Structures are given as C-alpha cells and as structure tokens.
Amino acid sequence: HEKTCEEVFRVQRQALFMKSERQAAEDRLGAVQKQLEQAKDEARRMQELHGHAEDAARLVRDRDRKITELSKEVFRLKEALNALPKSGEPPKSPPNTAALQAQIRALEEKLQETETRHSKVVTLYRSHLLYAVQ
C-alpha cells in the first residue's frame with residue numbers, strides 16, 4: 001500500500017509538473033502568436049506605405065515632366081519675344097506682342113505654381129519614405 005501511495009504521489013507530482021509545463025508552453029505560444037499578428041500588421045502597413053511612396057514618386061515624375069514642358073514653352077516664348085524688332089518704330093502688331101507677353105506671364109505663374117506643388121509632393125514623398133524606413 002505504501003509503495004502504491006508513493007507511486008500515486010509521484011505520478012500526481014509528475015502530472016502537476018507537466019500541467020505547469022503545458023501552461024508555460026501555451027503562454028509562450030500566445031505571446032508568439034501576438035508577435036506574429038503584430039508583425040503581419042506592420043507588414044501590411046509597410047505595404048500600404050510602399051504603395052503611397054510609389055504613388056508619390058509617380059506624381060513627382062509627372063510634375064517634373066510638366067515643369068520641364070512649361071520651362072521649354074517659356075523659353076520658346078522668350079526667344080520669340082526677343083526675336084521681335086527692337087527698333088524705334090512700334091512693332092507691326094502690338095496686340096500680338098501684348099498677347100505674347102501676357103501668355104509669358106501666365107506661363108511663368110503656372111510654372112511657379114507647378115514648382116510649388118512639386119516641392120510639396122517631393123516633401124510628402126520624402127516623409128513617406130522616411131516613415132517607411134523607420
């Protein structure tokens with residue numbers, strides 16, 4: 001009987017130990033699953049930020065192209081204005097010159113506005129990239 005009692009006690013002690021080991025393993029599993037979910041959330045957020053960064057890069061390229069086109073147009077108009085006769089006599093078509101000057105002013109304003117928007121987009125793009133890197 002004593003031997004059986006010792007055996008039962010030993011088995012109960014071993015069962016208690018196994019139960020505590022199982023609980024510790026479940027706790028570790030829960031912590032790892034939580035970390036996995038956090039990592040998945042972070043990966044999703046990074047993918048979203050990457051998409052935003054690509055969109056911003058595309059916008060920057062589009063703005064650069066527009067700025068280049070506007071700069072070329074302003075340059076052509078300035079060249080056309082400089083090609084007009086500069087003698088003491090008034091040009092043959094003053095309204096045309098005034099229209100060209102007005103168009104040049106409008107294009108320069110548009111260029112300035114586009115450059116401002118471009119710098120804002122570049123700033124946004126850089127902040128997205130910095131955030132993604134962090």
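Accessible areas come from the Shrake-Rupley method with a 1.4 Å probe. In this predicted model, the chain exposes about 11,000 Å². Carbon and sulfur atoms supply 57% of that exposed area. The chain holds two helices and zero strands. Its radius of gyration is 37 Å, well over the 14 Å that the globule rule gives for 134 residues, so the chain is more spread out than a compact globule.

**Overall form**

- Taken along the principal axes, the C-alpha atoms of the chain fill a box of roughly 135 × 15 × 15 Å.
- Of the 134 residues in the chain, 15% are buried.
- Take the contacts in the chain between residues at least 6 apart in sequence: 87% of them join residues at least 24 apart.

**Helix H1**

- Helix H1 covers residues 2-83.
- At 1.5 Å a residue, the 82 residues of H1 should span 122 Å, and this agrees with the 120 Å between its end C-alpha atoms.
- The buried residues of H1 include Leu-49, Ala-53, Ala-57 and Val-60. Arg-63 is also among the buried residues of this helix.
- Glu-42 lies in H1. Its relative accessible area is 33%, and because partly exposed residues fall between the 20% and 50% limits, Glu-42 counts as partly exposed.
- Glu-42 and Ala-57 are 15 residues apart along the chain, and their C-alpha atoms are separated by 22 Å.

**A stretch annotated in UniProt**

- An unreviewed UniProt entry lists residues 22-56 as "coiled-coil region".
- In the model, residues 22-56 are 100% helix and 0% strand. The end C-alpha atoms of this stretch are 50 Å apart.

**The largest nonpolar core**

- The largest nonpolar core has eight residues, namely Ile-67, Leu-70, Val-74, Leu-77, Leu-100, Ile-104, Leu-107 and Leu-111.
- Helices H1 and H2 each supply at least two residues of this core.
- Ile-104, one of the core residues, is in contact with Leu-77, Lys-78 and Leu-81, leaving aside its neighbours within four places in sequence.

**Ala-56 and its contacts**

- Ala-56 is found in helix H1. Its relative accessibility is 4%, so Ala-56 counts as buried, the limit being under 20%.
- Not counting residues up to four places away in sequence, Ala-56 touches Val-121 and Tyr-125.
- The C-alpha atoms of Ala-56 and Thr-123 are separated by 9.6 Å, although the two residues are 67 apart along the chain.

**Two histidines in helix H2**

- Helix H2 runs over residues 94-133 and includes His-128. His-118 is also placed in H2.
- His-118 has a relative accessibility of 16%, so it counts as buried. Beyond residues up to four places away in sequence, His-118 touches Val-60, Arg-63, Asp-64 and Ile-67.
- Of these partners of His-118, Val-60, Arg-63 and Ile-67 are listed among the buried residues of H1.
- His-128 has a relative accessibility of 19%, and it therefore counts as buried. Setting aside residues up to four places away in sequence, His-128 touches Leu-49 and His-52.
- Leu-49, one of the partners of His-128, is a buried residue of H1.

Notes:
Residues are numbered from 1 along each chain as its sequence is written. This is a predicted model: local features need pLDDT of at least 70, side-chain atom pairs count only at pLDDT 80 or more; totals for chains, interfaces and linings use all residues. Side-chain values use heavy atoms; hydrogens and water are left out. Helices (H or I, at least four residues) and strands (E, at least two) are DSSP runs, numbered from the N terminus. Buried means under 20% relative accessible area, exposed over 50%, partly exposed in between (1.4 Å probe, protein chains only). Contact means heavy atoms within 4.5 Å. UniProt positions are given in the numbering used here, feature names are shortened, and annotations may be inferred rather than shown by experiment. A nonpolar core is a set of buried Ala, Val, Leu, Ile, Met, Phe, Trp, Tyr and Cys residues joined through side-chain atoms within 4.5 Å. The radius of gyration is taken over C-alpha atoms; the globule rule is 2.2 Å times the number of residues to the power 0.38. The expected span of a helix is 1.5 Å times one less than its number of residues.
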